[in-house]
Amino acid sequence: MRLDKMLADMGIGTRNEIRKACRDCRIAVNGEYVRNPAVHVDPESDRVTVDEEPVLYRKYMYFMLNKPQGVISAVRDNRMTVLDLIDCPVKGLYPVGRLDSDTEGLLLITNDGPLGHQLLSPKHHVEKEYHVTVKNPLKDSDTQRIASGLRIDGGEVCLPAKMILLDDLHCRIVITEGRYHQVKRMFRALDNEVTALKRIRMKHLVLDETLAPGEYRELTDDELNDLRGSTSEASAG
Ligand code: URA
């Protein structure tokens with residue numbers, strides 16, 4: 001891999017800035033200053049330093065964010081985005097899926113395109129679990145209707161989903177699709193209204209409740225291995 005690409009991927013600077021840093025003898029590979037930013041390095045085995053500080057290369061980064069309300073699930077927007085909350089210079093980070101601006105909870109932020117694609121692919125039916133607060137008391141029949149596949153907005157039919165009643169106004173729901181405003185539209189189809197929505201799980205990845213809204217942390221190795229595991233067996237049955 002080219003030295004300037006490695007350093008740019010790690011957020012060290014633009015290609016131009018890195019070229020200048022090379023000219024200024026600020027960048028060394030295995031202890032030798034490098035004047036040519038196009039030189040090839042092996043990020044695994046070569047020791048690259050900028051101003052004598054080692055640069056650790058990591059191809060992919062994975063963060064669990066507790067998304068707060070009022071923040072947009074997008075890479076770029078003129079309002080505050082979830083990426084504005086992540087203090088990491090690595091290039092290519094994006095949110096895996098979208099939560100509405102007023103939804104809070106679990107959002108995976110990564111630059112691992114293949115993993116994100118796998119988790120979002122409709123083929124894989126990855127489970128997403130939400131804690132839901134509604135305006136009107138929930139009914140036992142809601143559970144059955146959700147389990148048998150709810151028709152929303154008089155058209156689309158959702159895949160069967162699982163609803164766990166907590167009390168009159170609270171439940172958890174597990175869905176395996178990612179339709180636009182899906183949970184809110186499902187409860188509208190039940191003549192109800194979602195007043196608060198929080199995602200608490202995606203596949204095996206459970207929101208770390210010690211994270212306050214707006215806080216994030218890197219995934220543990222176990223969490224990452226679980227997420228990478230087979231997606232085909234997931235179901236809301
Ligand atoms: N369903 C919704 O209605 N909103 C979300 O943010 C996520 C799922």
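How do strand 5 and strand 7 pair, in the parallel or the antiparallel sense, and over how many bridges? Strand 5, residues 62-67, runs antiparallel to strand 7, and six bridges hold the pairing together on paper. Before going further, keep in mind that what you're looking at is a predicted model.

Let's stay with strand 7 for a while. This strand covers residues 104-110, and six of its seven residues are buried. One of the matched pairs between strands 5 and 7 is easy to find: Tyr62 sits opposite Thr110. Strand 6, a short stretch at residues 94-95, also pairs with strand 7 in the antiparallel sense, this time over two bridges. Here Pro95 has Ile109 of strand 7 as its bridge partner. Then comes strand 11, which runs parallel to strand 7 and is joined to it by two bridges. To spot that pairing, look for Gly105, which stands opposite Arg199 in strand 11. While you're tracing these strands, it helps to know that side chains in a regular strand alternate between the two faces of the sheet.

Thr110 deserves a second look. This residue lies in strand 7, and its relative accessible area is 0%. Buried means under 20%, so Thr110 counts as buried. Its side chain still has a polar partner: a polar atom there lies 2.7 Å from the backbone oxygen of Met61.

Now for another sheet. Four strands make an open sheet in the order 2-1-3-4, with antiparallel pairing. Strand 2 (32-33) and strand 4 (53-54) are at the edges with a single partner strand each, so one side of each has no neighbour in the sheet. Strand 1, at residues 27-29, pairs with strand 2 over two bridges, and Val29 faces Glu32 across that pairing.

Between strand 3 (48-50) and strand 4 there is a loop, and Asp51 is found in it. Asp51 has a phi near 50°, which is positive even though the residue isn't glycine. That's worth a pause, because most residues other than glycine have a negative phi. As for exposure, Asp51 is partly exposed, at 40% relative accessibility.

Next, the pockets. The largest pocket has a volume of about 580 Å³. It is lined by 30 residues, and the closest to its centre are Arg98, Gly178, Arg179, Tyr180 and His181. Several elements contribute at least two residues each to this lining: helix 3 (113-120), strand 8 (128-134), helix 5 (182-189) and strand 11 (194-202). Sorted by class, the lining has 13 nonpolar, ten polar and seven charged residues.

His181 comes up again when you look at the backbone. It sits in the loop between strand 10 (170-175) and helix 5. Like Asp51, which has a phi near 50°, His181 has a positive phi near 50° without being glycine. His181 is partly exposed, with a relative accessible area of 27%.

What surrounds the ligand? The residues around the ligand are Leu99, Asp100, Thr103, Tyr130, His181, Gln182, Val183, Lys184 and Leu197. A few contacts can be picked out by distance. An N or O atom in the Asp100 side chain is 2.7 Å from a nitrogen atom of the ligand. The backbone takes part too: a polar backbone atom of Val183 is 3.1 Å from a ligand nitrogen, and one of Lys184 is 3.0 Å from a ligand oxygen.

The second largest pocket holds about 150 Å³ of space. Its lining is made up of Met10, Ile12, Val55, Leu56, Arg58, Met61, Cys88, Pro89 and Val90. By class that gives eight nonpolar residues, no polar ones and one charged. You have met Met61 before, as the residue whose backbone oxygen lies 2.7 Å from a polar side-chain atom of Thr110.

To finish, try a distance across the model. Ser121 is placed in the loop between helix 3 and strand 8, and at 10% relative accessibility it counts as buried. From its C-alpha atom to that of Val55, which is 66 residues away along the chain, the separation is 34 Å.

Conventions: Residues numbered from 1 in each chain as written. Predicted model: local features only at pLDDT ≥ 70, side-chain atom pairs only at ≥ 80, totals over all residues. Heavy atoms only, no water. 1 Å grid on protein atoms, 1.4 Å probe; cavity = no way out; pocket = protein on both sides within 12 Å on 5 of 7 lines; lining within 4 Å. Points joined across faces, edges and corners; volume = space filled by probe spheres on them. Nonpolar A, V, L, I, M, F, W, Y, C, P; charged D, E, K, R; others polar. Buried < 20%, exposed > 50% of the residue type's maximum accessible area, 1.4 Å probe, protein only. Pairing = 2+ DSSP bridges. Near = heavy atom within 4 Å. Polar contact = N/O pair within 3.5 Å; in protein donor to acceptor, adjacent residues only side chain to side chain.
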